[in-house]
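Reader: I'm in my first year and still learning to read protein structures. Could you pick one part of this one and walk me slowly through its surroundings?

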Amino acid sequence: MLVYYDFETTGLNQFHDNITEYCFIKEKSKEKLSSLVNPQKPIPEIVTKITGITQQMVDNAPIFQDHLQNILQFLSTPNKYTYLVAHNGDNFDFIILREQLKKIGHSIYNIPLKSIDTLMFAKKLYPNINKYSLSNLCKQFGINVLSAHRAESDTIMVKSLLYYMVNDLASILGMTQDYLINNPEHIYNYINSI
């Protein structure tokens with residue numbers, strides 16, 4: 001199962017910063033799970049300028065631990081991997097999730113998850129592009145750019161970007177876009193092949 005996701009955080013340090021907002025969207029059912037999160041630490045002014053998320057917005061939100069059960073249920077696929085799709089997920093979002101779980105005594109390795117990073121996918125599929133930011137790739141490919149740096153809009157853009165790239169990958173592999181979306185292990189294997 002494919003699940004698109006994005007985290008907004010108090011900063012760019014995956015080991016010390018905390019989540020302020022998340023969004024997960026399932027491919028098949030289009031179900032969405034999103035919320036603000038109390039990061040239990042101040043949001044720097046520069047981060048508020050980038051994301052628009054203020055301290056007042058999160059002060060009364062539940063802490064991450066209180067969201068955990070809903071998130072784990074949402075990501076659960078009996079006897080199968082859930083493929084989490086994010087832009088720069090391998091170097092940021094997946095690590096954030098791993099570290100947030102670790103802080104509250106859980107291991108991400110006990111959950112059948114694999115990461116599909118649209119940044120790594122784009123670098124492999126289109127090696128000659130200058131900038132691989134989510135908004136730049138979306139602009140370059142004619143994908144609607146939503147207000148960046150909010151979890152839901154970034155998640156929607158990630159989904160659109162993945163579809164665009166999977167269409168090109170389908171031609172390369174001699175498969176259909178539909179087949180690849182329903183069998184994400186082929187996308188995962190392409191990105192991770194040498």
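**A close look at strand 1**

Author: Strand 1 is mostly covered, with eight of its eight residues buried. Please keep in mind that this is a predicted model. Let's start with the two faces of the strand. In a regular strand, side chains alternate between the two faces of the sheet. Here L2, Y4, D6 and E8 lie on one side of strand 1, while V3, Y5, F7 and T9 lie on the other, and all of them are buried.

Next, look at the neighbours within the sheet. Strands of a sheet pair through backbone hydrogen bonds, either parallel or antiparallel. Strand 1 covers residues 2-9 and pairs with strand 2, residues 19-26, in the antiparallel sense over seven bridges. Two places where you can see this pairing are V3, which stands opposite K26 in strand 2, and Y5, whose bridge partner in strand 2 is F24. Strand 4 is another partner: it runs parallel to strand 1, and three bridges join the two. There, Y4 stands opposite V85 of strand 4.

Now zoom out to the whole sheet. It is open and has five strands in the order 3-2-1-4-5, with mixed pairing. Strand 3 (32-36) and strand 5 (113-117) stand at the edges; each has a single partner strand, so one side of each is left without a neighbour in the sheet. On average, neighbouring strands of this sheet are turned by 25° against each other, direction ignored.

What lies against these strands? Helix 4, made of residues 89-103, lies across strand 1, strand 2, strand 4 (82-86) and strand 5, and runs at about 80° to strand 1. Helix 7, residues 151-173, also packs on the sheet, touching strand 1, strand 2, strand 3, strand 4 and strand 5, and its direction makes about 140° with that of strand 1. Helix 7 has 23 residues and reaches 32 Å from its first C-alpha to its last, close to the 33 Å expected at 1.5 Å a residue. After helix 7 comes G174, whose phi is positive, near 70°.

Let's return to the start of strand 1 and follow L2. Leaving aside neighbours within four places in sequence, L2 is in contact with I25, K26, E27, Y83, V85, I116, L162, I181 and P184. In soluble globular proteins, nonpolar side chains tend to be buried together. The largest nonpolar core in this model has 30 residues, and L2 is one of those with the most contacts inside it, along with I116, F121, L162 and I187. Strand 1, strand 4, helix 5 (118-125), helix 6 (134-140), helix 7, helix 8 (177-182) and helix 9 (185-192) each supply at least two residues of this core. Its largest share, eight residues, comes from helix 7. Apart from this core lies another, of 22 residues, among them I19, L33, I96 and L101.

One last stop is C23. Its relative accessible area is 0%, so C23 is buried. The closest cysteine sulfur to that of C23 is in C138, 15 Å away, which is too far for a bond. C138 also counts as buried, at 0% relative accessibility. With a cut-off of 2.5 Å between cysteine sulfur atoms, the count comes to zero disulfides.

Methods
Residues numbered from 1 in each chain as written. Heavy atoms only, no water. Pairing = 2+ DSSP bridges. Helix = DSSP H or I, 4+ residues; strand = E, 2+ residues; numbered from the N terminus. Axes fitted to C-alpha atoms, helices over the stretch in contact; angles between N-to-C directions. Contact = heavy atoms within 4.5 Å. Buried < 20%, exposed > 50% of the residue type's maximum accessible area, 1.4 Å probe, protein only. Expected span 1.5 Å × (residues − 1). Core = buried A, V, L, I, M, F, W, Y, C linked by side-chain atoms within 4.5 Å.
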